[in-house]
Amino acid sequence: MKAAWYERNGPAHEVIEVGEMPDPVPARGEVVVRIRASAVNPSDVKSRAGLRSKMNVPRQIPHSDAAGEIVAVGADVPRSRIGERVWTWNAAYGRWNGTAAQLCALPAEMAVPLPSMLDFAQGACVAIPLLTAHRCLFADGPPTGETVLVSGGAGVVGHYAVQLARWAGAQVIATVSGPQKAAHAAAAGAHAVINYRTEDVAARVAQLTGGAGVDRIIEVELGENLDMDLGMLRDQGVLVYYGSKTPVAQLPFFRSILKNVLIRPVLMYTITPAQRAQAIRDIGRWLADRGVAGADNPGGAQFAIAQRFPLAATADAHACVEAGTKIGHVVVDID
């Protein structure tokens with residue numbers, strides 16, 4: 001099979017190689033997926049760069065998220081699954097054989113039936129971003145009737161959070177860093193969009209909520225925004241975070257305890273099987289209710305794909321994510 005891999009941490013164009021490797025053989029309980037599209041997430045480029053930890057395997061095929069069809073099954077997996085269209089999760093989390101390859105062997109439960117309305121590129125966008133957005137919103141029950149602030153509403157997670165919050169019946173405020181991103185968040189359904197580079201976010205939120213604050217904040221940059229977030233939350237509010245470029249966030253004790261706020265971290269890789277199953281069910285309901293956005297269905301679920309690269313240009317795909325200017329997913333198409 002053709003695959004992309006790296007054997008040491010470092011810059012994308014210095015360490016990523018593309019070549020041939022032996023085809024995988026499914027072990028007991030595994031399936032082999034013929035990968036058609038593999039999504040590049042920020043966590044993939046951070047892992048390759050060694051920003052969080054150094055690699056501990058001789059060779060790493062990157063990427064956890066993908067979509068394709070099952071072409072082989074191991075013992076204890078029904079042969080009826082062969083030919084099934086699927087999307088994958090956690091393929092490269094604690095595993096060396098991710099989805100930047102023509103074939104990927106992984107446990108059968110990590111290959112989820114792909115809704116018929118999604119193509120492979122859209123299916124590759126589901127796992128990390130969409131499941132993260134769901135967990136941020138639904139971990140404490142549906143956000144129906146809440147006012148939700150989505151920090152980074154034009155990012156891939158934030159974009160889905162805006163859509164799912166609207167679907168659940170929440171009032172949605174999104175923050176963004178520029179006009180193009182504001183239009184992207186508004187098109188996803190945000191009732192109000194705040195450009196944090198030109199507006200006072202806290203003052204604008206107070207204005208939009210009549211001084212009451214918001215019920216839930218979904219935060220992509222905890223370290224920089226924690227203090228401001230606590231000020232914008234209502235009593236008993238929930239601050240959910242899934243990212244932070246700043247490695248340390250200092251919690252103001254009295255400010256948080258006086259409001260009885262709940263601070264909830266979300267990491268999609270380590271949610272429980274029951275939590276993941278609920279997310280998959282809810283996402284299926286969302287897609288069934290809304291359909292996929294298109295010319296004949298402008299209100300449908302949006303899967304924004306910014307750029308697509310061939311497998312041979314996997315290093316370029318990583319560089320595109322690292323540049324931080326794209327709006328939407330970066331997908332590697334695998335022939």
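Here are some notes on a sheet, a few helix contacts and the empty spaces in this predicted model.

1. Start with the sheet. It is open, has six strands, and the strands run in the order β10-β9-β8-β11-β12-β13 with parallel pairing. The edges are β10 (192–195) and β13 (262–265), each of which pairs on one side only. On average, neighbouring strands are turned by 15 degrees against each other, direction ignored.

2. For a closer look at one pair, try β11 (residues 214–219) and β12 (residues 233–241). These two strands pair in the parallel sense, and five bridges join them. If you want a spot to zoom in on, I217 stands opposite L239 in β12.

3. Now the helices on this sheet. Helix α4 (residues 126–138) packs on it and touches β8 (147–150), β11, β12 and β13. The direction of α4 makes about 155 degrees with that of β11. Helix α8 (residues 222–232) lies across β8, β11 and β12, and runs at about 160 degrees to β12.

4. Next, how do α5 and α6 pack? Helix α5 covers residues 156–167 and helix α6 covers residues 179–188; the angle is about 30 degrees and the axes are 8 Å apart. Angles under 35 degrees count as roughly parallel, so α5 is roughly parallel to α6. On the α5 side the contact uses H159, V162 and Q163, which meet H184, A185 and A188 in α6. By class, that contact divides into three nonpolar, three polar and no charged residues.

5. α5 also packs with helix α10 (residues 273–290), here at an angle of about 75 degrees and with the axes 11 Å apart. The range for roughly perpendicular is 65 to 115 degrees, and α5 and α10 are therefore roughly perpendicular to each other. From α5, the residues Y160, Q163, L164, R166 and W167 meet D282, R285, W286, D289 and R290 in α10. This contact has four nonpolar, one polar and five charged residues. Note that Q163 turns up in the contact with α6 and also in the contact with α10.

6. What about enclosed space? The count comes to one cavity of 30 Å³ or more, and the volume of the largest cavity is about 30 Å³. Its lining is made up of A154, G155, V156, H159, H184, A304, G328 and H329. Sorted by class, that lining has three nonpolar, five polar and no charged residues. Two of these names should look familiar: H159 and H184 line the cavity, and H159 in α5 and H184 in α6 are also part of the contact between those helices.

7. Finally, a pocket. The second largest pocket holds about 530 Å³ of space. It is lined by 23 residues, and the closest to its centre are S47, S53, A92, Y93 and G94. Which classes make up the lining of the second largest pocket? The residues divide into nine nonpolar, nine polar and five charged.

Key
Residues are numbered from 1 along each chain as its sequence is written. This is a predicted model: local features need pLDDT of at least 70, side-chain atom pairs count only at pLDDT 80 or more; totals for chains, interfaces and linings use all residues. Side-chain values use heavy atoms; hydrogens and water are left out. Two strands pair if DSSP finds at least two bridges between them. Helices (H or I, at least four residues) and strands (E, at least two) are DSSP runs, numbered from the N terminus. Axes are lines fitted to C-alpha atoms, for helices over the stretch in contact, and angles run from 0 to 180 degrees between N-to-C directions. Contact means heavy atoms within 4.5 Å. On a 1 Å grid over the protein atoms alone, a cavity is a set of points where a 1.4 Å probe fits but cannot get out, and a pocket is an open set with protein on both sides within 12 Å along at least five of seven lines; lining residues have an atom within 4 Å of a point. Grid points are joined across faces, edges and corners, and a volume is the space filled by probe spheres set on the points. Ala, Val, Leu, Ile, Met, Phe, Trp, Tyr, Cys and Pro count as nonpolar, Asp, Glu, Lys and Arg as charged, and the others, Gly among them, as polar. Angles under 35 degrees count as roughly parallel, over 145 as roughly antiparallel, 65 to 115 as roughly perpendicular and the rest as oblique.
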